[in-house]
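Q: Hi! Got a minute to go through the strands in this one with me?

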Amino acid sequence: QVQLVESGGGLVQAGGSLRLSCAASGRIFGDNMGWFRQAPGKEREFVASITWSGGITYYADSAKGRFTISRNNAKNTVYLEMNSLKPEDTAVYYCVAGGWGSLPTDYTYWGQGTQVTVSS
């Protein structure tokens, strides 16, 4: 069993930055991890993912060039550095593990989510 706890969300002005963290516990060794988000009234969408080694990363087009996913396996933590934030980035951001791909059904484990609000 894997538990994921996100932190770092908040309110930021457009153009600002936030760094999300996801602390993992349980049987996380070897797991790929990633981030999804869900805005009000919209479906959950893929943001970014990273392999266990950190050698391969994958981004949604909306995140490319602005967001960076990284991980520290010694701390069992994955990060999402978000820069040049836009109001359309406003959403609940979820940490995921135990899978690979860009669909919600590709992942087994989910965190409870952290709210990111970008004001214009």
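Q: Okay, how many bridges join strand β3 to strand β8?
A: Happy to help! This is a predicted model, and in it β3 (residues 18-26) is joined to β8 (residues 77-82) by 6 bridges. The two strands run antiparallel.

Q: And which residue in β8 stands opposite L20?
A: That's L80.

Q: What's the strand order in the open sheet?
A: Going across, you get β1-β3-β8-β7, so 4 strands with antiparallel pairing.

Q: Which strands stand at the edges?
A: β1 (2-7) and β7 (67-72). Each has a single partner strand, so one side of each has no neighbour in the sheet.

Q: What does the twist average there?
A: From one strand to the next, the twist averages 15°.

Q: Switching topic: is β4 mostly covered or mostly uncovered?
A: Mostly covered. Strand β4 spans residues 33-38, and 5 of its 6 residues are buried.

Q: Which strand forms a hairpin with β4?
A: β5 does, with 6 residues between the two. In the turn, G41 has a positive phi of about 75°.

Q: How many bridges are there between β4 and β5?
A: There are 5, and β4 pairs with β5 (residues 45-50) in the antiparallel sense. W35, for instance, stands opposite A48 in β5.

Q: What about β4 and β9, how many bridges join them?
A: 6 bridges join β4 to β9 (residues 91-99), and these strands run antiparallel.

Q: Which residue in β9 is the bridge partner of G34?
A: V96 is the partner of G34 there.

Conventions. Residues numbered from 1 in each chain as written. Predicted model: local features only at pLDDT ≥ 70, side-chain atom pairs only at ≥ 80, totals over all residues. Heavy atoms only, no water. Pairing = 2+ DSSP bridges. Axes fitted to C-alpha atoms, helices over the stretch in contact; angles between N-to-C directions. Buried < 20%, exposed > 50% of the residue type's maximum accessible area, 1.4 Å probe, protein only.
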